[in-house]
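Thanks for asking me to look this one over. Here are my notes, in the order in which I would go through them with you.

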Amino acid sequence: MFLDWIKQGFFSNVRRDLLSGLTVAFALIPEAIAFSLMAGVDPMVGLYASFLIAVSISFFGGRPGMISAATGAMASLMGPIVAKYGIEYLFATTVLTGILQWVMGALKFGRFISFVPQPVIVGFVNALAIVIFMAQLPNFVDATWVMYLMVAGTLLIIYLFPLLTKAVPSALVAIIIMTIVSVLTHAGVKTVGDMGAITQTLPSFHIPDVSLSFHMILTVLPYALALAVVGMTESLLTANLVDELTDTGSNKNREIKGQGIANIITGFFGGMAGCAMIGQTVINVKSGGRSRLSTFVAGVFLLFLIIVLGSVVKVIPMAALVGVMVMVSVGTFDWHSLRTLKKVPLGDTVVMIVTVAIVVATSNLALGVIAGVILSALRFGWKMARIHAHVIINDKGIKIYTIEGQMFFGTMSHFIQLFDAQNDPDEIVIDFSHSHLWDQSATNALTKVAGKYEALGKRVAVKGINPESRRLMDQIGLTLDSSHS
C-alpha cells in the first residue's frame, strides 16, 4: 500500500511535476525574502521556511500539487512578536501554531470550507489576484524603461511560447531567457540579490531559546492562534481552488494536519510559520504540476538554488519574476464574475465586493473571508426570518392557520403575533405542513400561543408536524392536541 501511495503520489506525472517544481522554486525566492522583511527577520528565515514547509507538506498534506511556504498573510501577523519578544519567540510561536493546526485537523475543522459561500470564494480569489498585482508595483518605483521592457518581454514569452511547445513551462523559459539577457546586456535592473542577503548555509535543528513555562505559552498563544486560523483558512480556500482547477478532490482535514506538522518542523529549524500560497500554486498547476512531486521538487530545488546556485540566483532580474506574478494575477482573477455581476442576486454581489474590499484594504485574506462568511450568514438569517400564515375557516367553523416559513429564534416573536386569540373561534388548527421547528425558541413560541387559547377556554390542535420537528417537541416535552392531523 505504501509503495502504491508513493508511486501514485510522486511518480504519476514526473516530467511535468519536475519542470513545474523548478518554475515555482524561482518564484518562491523573492516572495520568501519579501515576507521575511515584512516580519522583521533575516531573509534566510523565510527561505528556510519555504524549503522546509514545501518538502514537509509534500508528504503530510492532503492536496497534491498545492504549494505551501512562507506567506504574506502569515508574515503580517509576525512583526509584533519579533518586535516585542525577539526571533526566538517567533520560532516558539511557529511550533505552537503547528500544534494548534494539527489539533484543528484532528477535530475535522476542514469542514469549515463547506460553510464558505460561493460569493466569498470568488471574492477571495479576486482579492488575492489584486493583492498579488499590487505587490509587484513597488518594483516599478524609480524603474527605468528597461524594467518595463523586460516585464513586457517576460509576458510575451509566457503567453507565446506555448504556441511552439508545451513541453516546458513558459514561465521557466521566460525567467531563464530574461536572466541571460540581463547578464549579457548589463541591463542595470534590480535583481533578486538586491532584495536581501542570501547566505549559502543549510538549516540546522534548533530548539527555540525560550523558557518553557505557562507564562511563555500564554504570551505566544494569541499570536499562534491567529496564525493557525489564518493559515488554515488560506490553505483550505487554496485547496478548494486547486480542486476546481484540476477537477479532483482532496482531504481537507489531512491538509490542516499536514500544515501543522510542517510548521512544527519549521519552528525547530529556524523558519517562520507558513501556509498554502495561492500565487505559486497557480503557477504550479498552470505549469502542469499535479502530484506531490511538484511540491517536493519546488522545496528541494529552492534549497539547491540557495546553497549551490546562490551566485546565479542573485543575478535573476526582478523584472522576470514580476512578469510571472503579473501573469499569475491575471490568471487568478475570475473574469467571469464581472460578466455575471448583473445576473447574480444583489446580495451575492455585495458579499463578493465586501470580501474583496476588506482583503485589499487590510492584506489579510482570513479577515476578508471571515467578514464575507458573517455577512452571508446575516443575509441568510434575514431571508429565513420570514414567516406568515395562510388563514381559512372551514365549513365546521374551525379556523386553520397554515404556517409558511421556518420556526426558530429569529421568527419566534412574529409567529406569536400571527394569532388573534381573543376574536378566534373556539377551535383552531395550526398546520405546519409547510414549516419546520428548529429549536427550543420555536417550541416555546408554540407553547405561548397554545397557552393564550387555553386561558380563554379554546381548543388548539396541530397538524402536519414532520418527524424531526415531532422528535424535538417530544424531547422538550411539548404535548399538543394533534387530533386534526
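The points below go from the whole chain to single residues.

1. Ground rules. The model is predicted, so please keep the thresholds in mind: local features need pLDDT of at least 70, side-chain atom pairs count only at pLDDT 80 or more, and totals for chains, interfaces and linings use all residues. Residues are numbered from 1 along each chain as its sequence is written, and side-chain values use heavy atoms, with hydrogens and water left out.

2. Overall build. The chain has 21 helices and six strands; these are DSSP runs numbered from the N terminus, with helices being H or I of at least four residues and strands E of at least two. The radius of gyration is 29 Å, against a value near 23 Å for a compact globule of 485 residues. That radius is taken over C-alpha atoms, and the globule rule is 2.2 Å times the number of residues to the power 0.38. Along the principal axes, the C-alpha atoms fill a box of roughly 100 × 55 × 50 Å.

3. Surface and charge. The accessible surface is about 22,000 Å², with 66% of it belonging to carbon and sulfur atoms; the areas come from the Shrake-Rupley method with a 1.4 Å probe, and for residues only the protein chains shown count as cover. There are 31 positive and 27 negative charges, and their mean positions lie 6 Å apart. Lys and Arg count as positive and Asp and Glu as negative, leaving out His and the chain ends, and each charge is placed at NZ of Lys, CZ of Arg, CG of Asp or CD of Glu.

4. Burial and contacts. Of the 485 residues, 54% are buried, where buried means under 20% relative accessible area, exposed over 50% and partly exposed in between (1.4 Å probe, protein chains only). Among contacts (heavy atoms within 4.5 Å) between residues at least 6 apart in sequence, 83% join residues at least 24 apart.

5. The cores. Which residues touch the most other members of the largest nonpolar core? They are I29, L47, V192, I198 and M272, in a core of 111 residues. A nonpolar core here is a set of buried Ala, Val, Leu, Ile, Met, Phe, Trp, Tyr and Cys residues joined through side-chain atoms within 4.5 Å. Leaving aside neighbours within four places in sequence, I198 is in contact with I29, I33, M44, L47, V192, I306, V313 and K314. Apart from the largest core lies another, of 23 residues, including Y401, F415, F419 and A442.

6. Two backbone angles to look at. Most residues other than glycine have a negative phi. K108, in the loop between α6 (87-106) and α7 (118-136), has a positive phi of about 65 degrees although it is not a glycine. H186 is not a glycine either, and has a positive phi of about 50 degrees; its place is in the loop between α9 (170-185) and α10 (214-246). K108 counts as exposed because its relative accessibility is 56%, and H186 is exposed at 69%.

7. Around α11. I256 lies in helix α11 (residues 252-267) and counts as buried because its relative accessible area is 4%. Beyond four places in sequence, the contacts of I256 are Q101, W102, M104, G105, F109, G110, M232 and L236. From I256 to M104 the C-alpha distance is 7.0 Å, across 152 residues of sequence. N251, in the loop between α10 and α11, is partly exposed at 40%, and its C-alpha atom is 4.7 Å from that of G62, 189 residues apart along the chain.

8. Two longer separations. A106, in helix α6, is partly exposed at 38%; its C-alpha atom is 28 Å from that of P119, although the two are 13 residues apart along the chain. Q406 lies in strand β4 (residues 399-407) and is partly exposed, with a relative accessible area of 21%. Not counting residues up to four places away, Q406 touches M384, R386, I387, T411, S435, H436 and W438. The C-alpha atoms of Q406 and F10, 396 residues apart along the chain, are separated by 50 Å.
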